[in-house]
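I opened this model to take notes on it for a reader who has not seen it before. The entries follow the order in which I looked things up.

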Amino acid sequence: MPGGRRPDPELDEAIRAAMAELLFERGLDMTFDDVAARAAVGRTTVFRRFPTKRELLVEAFSQVSLKRFHLPDTGSVRDDLCELLTVIMREFGRPELRRLLRQGLGEACRDSDVTGLFRDVMNRRLELISSLVDRGVERGTFPPGTDARLIADLISGVISIRVADGSPLPTAEEIPALVDGLLYGFAAS
């Protein structure tokens, strides 16, 4: 067969599940060997899917956070943002994810490799927000040229600051005020 063996979805799922578990248990210190042992696969099976530790960690972070988020389409950009942020705040409010984020933030400030890892994870987050901004531009909520990265950074900033200082994340009741702040700051006049 050209290009080698077909990927095995069961192996992929076992590897992803192992990565997520180990990320919560060991944080950034997890290794390829740890993942292979937990998934009951060979080390090269993990390497074939994730050739570098950075790629492994980015995928692991995505598994426990970003891949849990789906962009709703309620017909209203405001309502879409409220729904999305409610899920995001609930997920990042989980104690194990807060601990992991706190470790990642601290390491990113000290280690340029972790800074790059953090940037890669944030770029994946940007894809989700960019889709929402594009929809908002189409519907006239945002003016053309609205900076999706700035909106994503503002949302991430709220999460990062509150995780770093131990404050609770915005509640479902507070989300509409946060969204209104974003919209009035970026809305088309």
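**Entry 1: a loop residue.** I began with alanine 40, which sits in the loop between α2 (32–39) and α3 (43–49). I am working from a predicted model, so I note that here once. The phi of alanine 40 is near 60°, a positive value in a residue other than glycine. For background, most residues other than glycine have a negative phi. I then asked whether alanine 40 is buried or exposed. Alanine 40 is exposed, and its relative accessible area is 69%.

**Entry 2: the whole chain.** Next I looked up how many helices and strands there are in the chain. I found nine helices and zero strands. Read along the sequence, the pattern is α-α-α-α-α-α-α-α-α. I noted the span of the C-alpha trace along its principal axes as about 55 × 45 × 30 Å. The chain has 189 residues, and buried residues make up 43% of them. I also looked at contacts in the chain between residues at least 6 apart in sequence; of these, 66% join residues at least 24 apart.

**Entry 3: two helices that cross.** I turned to helix α6 (residues 95–110) and helix α8 (residues 148–165). Their axes come within 9 Å and cross at roughly 95°. An angle from 65 to 115 degrees counts as roughly perpendicular, and α6 and α8 are therefore roughly perpendicular to each other. Which residues make the contact? From α6 I listed Arg98, Leu101, Arg102 and Leu105. From α8 I listed Ile159, Ser160, Arg162, Val163, Ala164 and Asp165. By class, the residues of this contact of α6 with α8 are five nonpolar, one polar and four charged.

**Entry 4: isoleucine 88.** Ile159 of α8 came up again when I looked at isoleucine 88. Isoleucine 88 has its place in helix α5 (residues 77–92). Leaving aside neighbours within four places in sequence, isoleucine 88 is in contact with Phe69 and Ile159. Its relative accessibility is 6%. Buried means under 20%, so isoleucine 88 counts as buried. I also took a distance from isoleucine 88 to alanine 18: the two are 70 residues apart in sequence and 23 Å apart in space, C-alpha to C-alpha.

**Entry 5: three residues of α7.** Helix α7 covers residues 112–138, and I picked three places in it.

- Threonine 115 is in helix α7. At 26% relative accessibility, threonine 115 counts as partly exposed. From threonine 115 to leucine 105 I noted 10 residues in sequence and 8.5 Å in space, C-alpha to C-alpha.
- Arginine 124 lies in helix α7 and is partly exposed, with a relative accessible area of 31%. The C-alpha atoms of arginine 124 and aspartate 8 are separated by 24 Å, and the two residues are 116 apart along the chain.
- Glycine 136 lies in helix α7. Its relative accessible area is 0%, and glycine 136 is buried. Not counting residues up to four places away in sequence, glycine 136 touches Val77, Thr141 and Phe142. Glycine 136 and aspartate 80 are 56 residues apart along the chain, and their C-alpha atoms are separated by 9.9 Å.

**Entry 6: a pocket.** I then looked at the second largest pocket, which holds about 150 Å³ of space. I listed its lining as Leu28, Asp29, Lys53, Arg54, Leu57, Gln103, Asp111, Asp113, Val114 and Leu117. Which elements give two or more residues to this lining? They are α4 (53–64) and α7 (112–138). By class, the lining of the second largest pocket has four nonpolar, one polar and five charged residues.

**Entry 7: a cavity.** Last, I checked for cavities of 30 Å³ or more, and the structure holds two. I looked up the second largest cavity, with a volume of about 40 Å³. The residues lining this cavity are Leu28, Phe61, Gly104, Val114, Leu117, Phe118 and Val121. Which element gives the largest share of the lining? That is α7, with four residues. By class, I wrote down six nonpolar, one polar and no charged residues for the lining of the second largest cavity. Leu28, Val114 and Leu117 are on this list, and I had also written them down for the second largest pocket.

Key: Residues numbered from 1 in each chain as written. Predicted model: local features only at pLDDT ≥ 70, side-chain atom pairs only at ≥ 80, totals over all residues. Heavy atoms only, no water. Axes fitted to C-alpha atoms, helices over the stretch in contact; angles between N-to-C directions. Parallel < 35°, antiparallel > 145°, perpendicular 65-115°, else oblique. Contact = heavy atoms within 4.5 Å. Nonpolar A, V, L, I, M, F, W, Y, C, P; charged D, E, K, R; others polar. 1 Å grid on protein atoms, 1.4 Å probe; cavity = no way out; pocket = protein on both sides within 12 Å on 5 of 7 lines; lining within 4 Å. Points joined across faces, edges and corners; volume = space filled by probe spheres on them. Buried < 20%, exposed > 50% of the residue type's maximum accessible area, 1.4 Å probe, protein only.
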